[in-house]
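Reader: I'd like a close look at one small part of this model, and then a walk outwards from there. Could you keep it chatty?

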Amino acid sequence: MFGLLKKIFVTAQDRLLKKYRKTVTEINELEKKYQELTDEELFRKTEEFKKRFADGETVDDLLVEAYATVKNTCRRLCGTEVHVSGYTQEWDMIPYDVQLLGAIAMHHGSIAEMQTGEGKTLTASMPLYLNALTGKPVHLVTVNDYLAKRDCEWIGSIFKKLGVSVASLTNDVPPNERKETYAADIVYGTASEFGFDYLRDYSMAMNKAEIVQRGHYFAMIDEIDSILIDEARTPLIISGPAAESRQMYDDLKGNISQVVRAQRDLCNRLATEGRKTLDSLGFFKEGAEIKKSKEADEAFKILWLVSKGTPRNKILKRIKENPDLRARIEDWETYFYSDQNKEEKTERLADLFIIIEERSSEYELTDKGIHLWNDLHDGEGATDFLMLDLGYEYAKIDESSLSDQEKMLAKVKLREEDSKRKERSHNLRQLFRAHLLMEKDVDYIIQDDSVVIIDENTGRPQPGRRFSDGLHQAIEAKEGLKVQGETQTYATVTLQNYFRLYDKLSGMTGTAMTEANEFKELYKLEVLEIPTHRQCIREDADDEIYMTEREKYNALLKEIQQVHEQGRPILIGTESVEISEKLARILKQNRLPHTILNAKNHAGEAEIIADAGKMGAITLATNMAGRGTDIKLKEGAGDKGGLHVIATTRHQSRRIDRQLRGRSGRLGDPGSSKFFVSFEDSLMRLFASPRMAALLQRFRPPEGEPISASVLNKSIETAQKRVEQRNYTMRKHTLEYDDVMNKQRQEIYSFRSDILNSDSPSQIAEEIILDVIAANVSRFFVNKNQEGGWDMEGFKQEMMLQFPVSFSKDTFDDEYLGIEQIEEITSKLVLSAFRQKLELQKALILNLRPDTEDPTQVLEEVVRNLLLRKIDSLWQSHLLSIDHLRSDVHLRAVGQKDPLIEFKQEAFQLFDEFGSALRFNVSRDLFRFEMVRPKTDPVQEALQRKIQMHQAKPADLPKEEQPQEEEPQKGETIHVEPKVGRNDDCPCGSGKKYKKCCGAAQTV
């Protein structure tokens, strides 16, 4: 019925495809005519298109001709050899009609959902070429460096023929070459490289020459769901060493391990006790009836407690293999979550040292755990979980009989103690998280004595990236590696907000329909499902669901042996490095030759994938094999039935399941797929419906036999939807908070860009001075009729404190002076002093370097440098304040307040304070900097004198002996060092006052 209605009332997608098909017909007809052109005539089309665009035609007007040109270029390339990724291959691609459809959709800002093997890489060439004709920056974003290089070399063959420059941006491109890379018409690169370059350009560049990007016009994202959905939960962060570090991971890790070990031993003992009780009651005998008794209930309560202490306890897992016993444990879970049983639940949980909530990845120390920690520290560990109430402590100090000086010192000491406790408590939390929730070979691997993060969606390693908020250091301490220094955020942006910078955005993937609503809501992108070139004939078998992992692995081995005997190639998809290595050991024991592809040996990915389509090949891979690389069937493999995909579990996202299935059945090739699931898999354990246990009790199959029912398949999909919804909420939550910061970021980056691109930064400096004067005028002159509302003397004192100016007695004698006149008089006086300051510095530059051609230009660069450094320093402090606010604001929910609204209000207030502090500090420093001669090394200076004496003519020697002033040598750099006040922050970054840091050394 629904299908009939769809035929009568055509969907919006069908109408759009019908419209685009007419354009495809036009492209094909024109391309036939282009076949009569010579190579020179065809390749000259690019210049023609660029001229027509400059004369007023739009890219939409040029679409048909541009696409026909690319298609015809592909036709002419057929048979030629192309060097790609270290080997040579023959070009054999001409765009199909469905690829033209996808290319049209992407040009118009849609996401083209094209199945695996449909040629998305070639499809992208047409909209990239068309938009490159504008001369504006065009970027293609891929998921890894390998694909960026490969596609640039491969598809770049088309662009080079047509006179369009192309370059690849990878992690190994040095900073001094990046500007040249971005100068290309089309740039292939990864999302992180584009994002980090944006942050460096707008938050770290000190002059125009350091800016590498040309802007953000058109971005096409390959595997857009992977980049904008999977990776979007983690923002891009540039961090550097913190000014002051108090981390204590090395000191704390030993005792943390003891607490975790005590928890594990306790749970093992409880699990053994519970198992013995059930065994004595005959619960493990075949066909035993589960009868209720006090002893049995107590045993099941103990086992429930074990599930809260060590969710992956081996004894507990074995007991849960019996569906009846599993159901009884889950009954107690329901029992303890009802309100009337909360007290009993609290009493039970108090027996543990730590409570672990695996579903939400959280944990909590009990009183018993805190007491153990205290005992391990000889009674001195209690303060690690007790924070100071500063307001109360300050009041106690104020009420004491101490002198004012002693009170101040006591408060300073109290603040330091509070800061130390907070840092220690934070280190403790992260170390517990590292031990309890982060798993080696699942969340990270150890490579070259360092912790390397594994991407949870693709399984690829992410060298150079670090877990934030001290978690990375905690993992290093846990694994016995050298703990790296503490870092501070210098610049940050989410991928969502970075890609919103582009005027045009589009993408392509094989799996986007399940996230269509999110793309539409967050990015205003429509998903268009492109039909396949050839019908997919892959056979997708029903899932085989087993009670236990043991049964599942036995079935997996049996399946692999059967299919391997047929000579078919097999791809086995695993969830983590740990599982892939476990399966590899099983295959090795059974003498099944295989190749393993995971984060530990990803370097050979291209070669492994190239051989995965051979007859009898067994490829064992994490999800990294499901992105951007096609497994092509070799000779004879298609006759045997094609590639057989085996999945060792259902993933937490339906899209990843679809990606894995899509490895088989490429372009109408034969193939098949089958998923193996157990009730011990994390998805089933954490998110499956509780009704599942009741169903299993009724339909428990014999040992080793799978359960297959549509009800179970629906339950699995429901569990996946729950996880997808949770992840969507997390991404939306991240974006909502970053939207607040994004407005502030755009404001600062825009101001910073104006300074970088200004020919006269001193004018911007004068505007800042005027802003400070205006702010002070409005502060001191409010209302003449109000007491203290017209504070002339206070205003004069403030101005003389801020600027090196003085006011004569009759400066403001006129009683009829208004606010505007006061501001005007003050502005003239201060700006005159500033301009005199600049003239004095110009004279100093000529004195130090008489050969300076344009001292004004040198001085402008000095002012530019001063402005940028002060902005960067205060912006980094502001980011730190925002980080602290964001981590603390969630506690406002206890007071029935919306944390997001509270965050917006306080972030705005912090930004306002940041702006005031920036103007004040800059206007003050503009009058304090001095031009100085660069410091020289005395040893080098003496050596230089000796060389000069040896090189001098004999007639010149007597003159050398006379004391003379050295002339500045050509090419010598003038160093600019702002004059620092004794009470200013020390420029070394220590966070201390200058007089107590570097200034103290100079005083001595």
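How many bridges join E12 to strand E13 (residues 461-462), and do the two run parallel or antiparallel?

Author: E12 and E13 are joined by 2 bridges and run antiparallel. Before going further, keep in mind that this is a predicted model, where local features need pLDDT of at least 70, side-chain atom pairs count only at pLDDT 80 or more, and totals for chains, interfaces and linings use all residues. Residues are numbered from 1 along each chain as its sequence is written, and side-chain values use heavy atoms, with hydrogens and water left out.

Back to your strand (strands, E, of at least two residues, and helices, H or I, of at least four, are DSSP runs numbered from the N terminus). On the E13 side, Ile 454 has Pro 461 as its bridge partner. E12, residues 450-454, also pairs with E11, residues 444-447, in the antiparallel sense over 4 bridges (a pair needs at least two DSSP bridges). Here Ile 446 faces Val 451, and Gln 447 is bridged to Ser 450. E11 and E12 make a hairpin with 2 residues between them, and in that turn Asp 448 has a positive phi of about 55 degrees. E12 is largely enclosed by the rest of the structure, because 4 of its 5 residues are buried (under 20% relative accessible area with a 1.4 Å probe, protein chains only; exposed is over 50%, partly exposed in between).

Asp 448 has company when it comes to positive phi. Glu 223 sits near 50 degrees, in the loop between E7 and helix H12 (224-230), and counts as buried because its relative accessibility is 6%. Arg 591 has a phi near 55 degrees, lies in the loop between helix H25 (577-589) and strand E20 (595-597), and is exposed at 77%.

Moving outwards, there's an open, parallel sheet of 7 strands, ordered E5-E6-E4-E7-E15-E3-E16. E5 (166-169) and E16 (526-529) are the edge strands with a single partner each, so one side of each has no neighbour in the sheet. On average, neighbouring strands are turned by 20 degrees against each other, direction ignored (axes are lines fitted to C-alpha atoms, for helices over the stretch in contact, with angles of 0 to 180 degrees between N-to-C directions). Within this sheet, E4 (138-142) and E6 (186-190) run parallel and share 5 bridges, with Val 187 as the partner of His 139. Helix H11 (residues 191-203) packs on the sheet, touching E4, E5 and E6, at about 105 degrees to E6 (contact means heavy atoms within 4.5 Å). Helix H8 (145-154) lies across E4, E5, E6 and E7 (218-222), at about 170 degrees to E5.

As for nonpolar cores (buried Ala, Val, Leu, Ile, Met, Phe, Trp, Tyr and Cys joined through side-chain atoms within 4.5 Å), the largest has 96 residues, and Leu 199 and Phe 499 are among the members that touch the most others. Helix H34 (855-888) gives the most to this core, with 12 residues. Leu 199 touches Met 204, Leu 236 and Tyr 749, among others, leaving aside residues up to four places away in sequence. Another core, apart from this one, has 58 residues, including Val 138 and Met 220.
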